[in-house]
Amino acid sequence: TELRQVSAEIAGAARGGRPTRALLARQTRLETHVRRLSRHATGEGHGPRAAPTRREIAAALGDRALVEYVELDGDLTSLTLSKGRLTGHDLGPLAPVLEQLEWLRFALSRLARLKRGEPRRASLLEGARACARELDRRLLAPAGSQLGDRELVIVPTGVLHDVPWPMLSSLRGRPLVVSPSAAAWWGLLAQRRRRPARRGRVLLASGPRLRHATAEVRALGALYPESTVLTGHAADAAGVLRALDGTTVAHLACHGHFRSDSPLFSALELADGPLSAYELQRLRRAPELIVLSACDLATSDTHPGDELLGFAAALLDMGTRTIIASVAPVPDAPAKRLMLGLHRHLIAGASPAVALARAQAALAALESAVSGFVCLGAG
C-alpha cells in the first residue's frame with residue numbers, strides 16, 4: 001500500500017513538474033523491501049511436473065500444429081509438430097530477425113501515438129507491413145507446407161516472445177496461442193481437465209487516464225448483465241484483487257506498464273495506483289481467462305533457460321489458463337472495438353484464440369492497431 005501511494009505521488013509530481021528525486025529514492029527502498037519479503041513467502045509446495053512425451057503433446061494438439069523456436073550460438077531453428085510428425089528447420093542467423101522485429105515494434109509504437117490522417121502514418125504502416133512480411137518469410141515460410149492453415153501453438157525463444165504474431169501475413173485471421181513452452185501449454189490443458197467446472201463469474205474493471213476505458217467496460221457490461229463492474233474510485237487495487245479471486249472471466253481496461261528493470265513490478269494502473277505482479281500472488285485462485293486491454297503487458301523479460309518474468313507470465317504460473325494481452329502500445333478507440341468483438345465471440349462459445357482471431361480479422365483495416373494482441377497460455 002505504501003509503494004502504491006508513493007508511485008501515485010511520483011506520477012502526480014511528474015505531471016505537475018515537481019521534483020521526484022526523494023520520492024524515487026523511497027520507491028526504491030520499498031521495492032527492495034517487497035522483494036525481500038517475497039523470498040520468505042510460503043510456496044504451494046508443488047513438486048516438479050513430469051515432462052509430457054511427444055505422443056502426449058501430439059494427442060493434445062489434435063488438428064493443431066506446434067512451432068517451437070530454439071536459438072543456439074546465434075542461429076535459429078524451428079521444430080514443428082504436426083499430425084504426430086516432428087520436423088526441424090534451419091532458419092539461419094537470429095540477428096536479421098531481431099533487426100526486423102525491432103523496426104516493426106518501433107513502427108507500431110509510433111503508429112499508436114499518431115492521429116488518423118497524419119501524413120507519416122502511411123509510410124510507417126507500409127514499413128510495418130514490410131517488416132511483418134520479412135518476419136513471416138524467415139520464421140514461418142520454411143515450415144509452411146506442414147503448417148497449412150491449421151490453428152497454431154507457438155513457443156518462442158528470447159525476444160521472439162515480443163513478436164506481434166497476428167500481423168504476420170500467413171497468420172492474419174488464424175487462431176493461435178503463444179506459450180512459454182510445449183510442456184506449459186500441455187500442463188494448462190491438463191489443469192482444465194482436472195479442475196471442476198465452476199459458475200461463470202465475470203469482472204469488468206477500468207483504470208484512470210484512459211479515455212475509452214469506462215465506456216468500454218460499460219459496453220461490455222451490457223453483454224454480461226450479471227457481471228461485477230468496477231469503475232472510478234471503486235476500481236482500486238483492493239477492490240480489483242478481491243473481485244479477481246476465483247473469477248472465470250476478468251476484463252481489465254487500464255494503462256499497463258512493463259518494467260524491464262524489475263519485471264514483477266510490471267503493473268496495471270488503478271484508481272489508487274499500480275497493481276503489480278507481486279500482489280497477484282495473494283490470489284487464492286487465479287481467474288481462468290484474463291483480458292488485459294492495456295499496452296505491453298504480454299511482454300516478459302527473458303532469463304537463462306528461457307524463464308519468463310512479467311505480469312502475464314506471473315498469472316500463467318499461478319494457474320490462469322489463458323490471457324489476452326498486447327505486446328505493443330495500443331490506441332484506445334481500436335482496442336475498444338476489438339474488445340467488443342472479442343467478447344461477442346466468447347459469449348457465442350468460441351475459444352479465446354478463435355475469438356481473438358475473428359475479432360482481429362473483422363478489423364482488418366486497423367490491423368496495425370490491434371495486431372499487438374496475442375492469446376497466451378492454453379487458448
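1. A cavity here is a set of grid points where a 1.4 Å probe fits but cannot get out. The structure is a predicted model. By this rule it holds 2 cavities of 30 Å³ or more. The second largest cavity encloses about 70 Å³ of space.

2. Which residues line that second largest cavity? The lining consists of P166, L171, G173, R174, L176, A353, L356, A357, Q360, F373, V374 and C375. Two elements, α13 (352-362) and β16 (373-377), each give at least two residues to this lining. The largest share, 4 residues, comes from α13.

3. Helix α13 deserves its own point. It is mostly covered, with 8 of its 11 residues buried. Those buried residues are P352, A353, V354, A355, L356, A357, A359 and Q360.

4. Next, the charged pairs. The count comes to 9 salt bridges. Side chains of opposite charge can pair when their charged atoms come close. R133 and E126 meet in one salt bridge, at 3.2 Å from N to O. R133 is partly exposed, with a relative accessible area of 43%. E126 is partly exposed too, with a value of 39%.

5. A salt bridge also joins the side chains of E134 and R138, at 2.9 Å from N to O. Both residues lie in helix α5 (residues 120-139). They sit 4 residues apart, about one turn of the helix. R138 has 23% relative accessibility, so it counts as partly exposed.

6. R209 and E269 form a salt bridge, their closest N and O atoms being 2.9 Å apart. Why does this pair tie together parts that are 60 residues apart in sequence? Because R209 lies in the loop between β6 (202-206) and α8 (213-223), while E269 lies in strand β10. The two ends differ in cover: R209 is partly exposed at 48% relative accessible area, whereas E269 counts as buried at 14%.

7. One group goes beyond a pair. R4, D272 and E279 are linked in a network of salt bridges.

8. Now the rings. The structure holds 3 aromatic pairs. W103 and F106 form an edge-to-face pair, because their ring centres are 6.0 Å apart and their planes stand at 90°. Planes over 60 degrees apart count as edge-to-face. Both W103 and F106 lie in helix α4 (residues 95-113), 3 residues apart, about one turn of the helix. F106 has 40% relative accessibility, so it counts as partly exposed.

9. F265 and Y278 make a tilted aromatic pair, with 4.7 Å centre to centre and 55° between the planes. This pair links distant parts of the chain, 13 residues apart. F265 lies in the loop between β9 (256-257) and β10 (267-270), and Y278 lies in helix α10 (residues 277-280). Are F265 and Y278 buried or exposed? Both are buried.

10. On the surface, V70, L79 and L86 make a nonpolar patch of about 210 Å². L86 sits in strand β3 (residues 85-93). With 44% relative accessibility, L86 counts as partly exposed.

11. A last site is D149, in the loop between α6 (144-147) and β4 (152-155). D149 is exposed, with a relative accessible area of 70%. Its C-alpha atom is separated by 26 Å from that of L340, and the two residues are 191 residues apart along the chain.

Notes:
Residues are numbered from 1 along each chain as its sequence is written. This is a predicted model: local features need pLDDT of at least 70, side-chain atom pairs count only at pLDDT 80 or more; totals for chains, interfaces and linings use all residues. Side-chain values use heavy atoms; hydrogens and water are left out. Patches are made of residues with over 30% relative accessible area and no salt bridge: like charges are joined within 9 Å, nonpolar side chains (Val, Leu, Ile, Met, Phe, Trp, Tyr) within 5 Å. Accessible areas come from the Shrake-Rupley method with a 1.4 Å probe; for residues, only the protein chains shown count as cover. A salt bridge is a side-chain nitrogen of Lys or Arg within 4 Å of a carboxyl oxygen of Asp or Glu. Buried means under 20% relative accessible area, exposed over 50%, partly exposed in between (1.4 Å probe, protein chains only). Rings of Phe, Tyr and Trp (its six-membered ring) pair if their centres lie within 6.5 Å; planes under 30 degrees apart count as stacked, over 60 as edge-to-face and the rest as tilted. On a 1 Å grid over the protein atoms alone, a cavity is a set of points where a 1.4 Å probe fits but cannot get out, and a pocket is an open set with protein on both sides within 12 Å along at least five of seven lines; lining residues have an atom within 4 Å of a point. Grid points are joined across faces, edges and corners, and a volume is the space filled by probe spheres set on the points.
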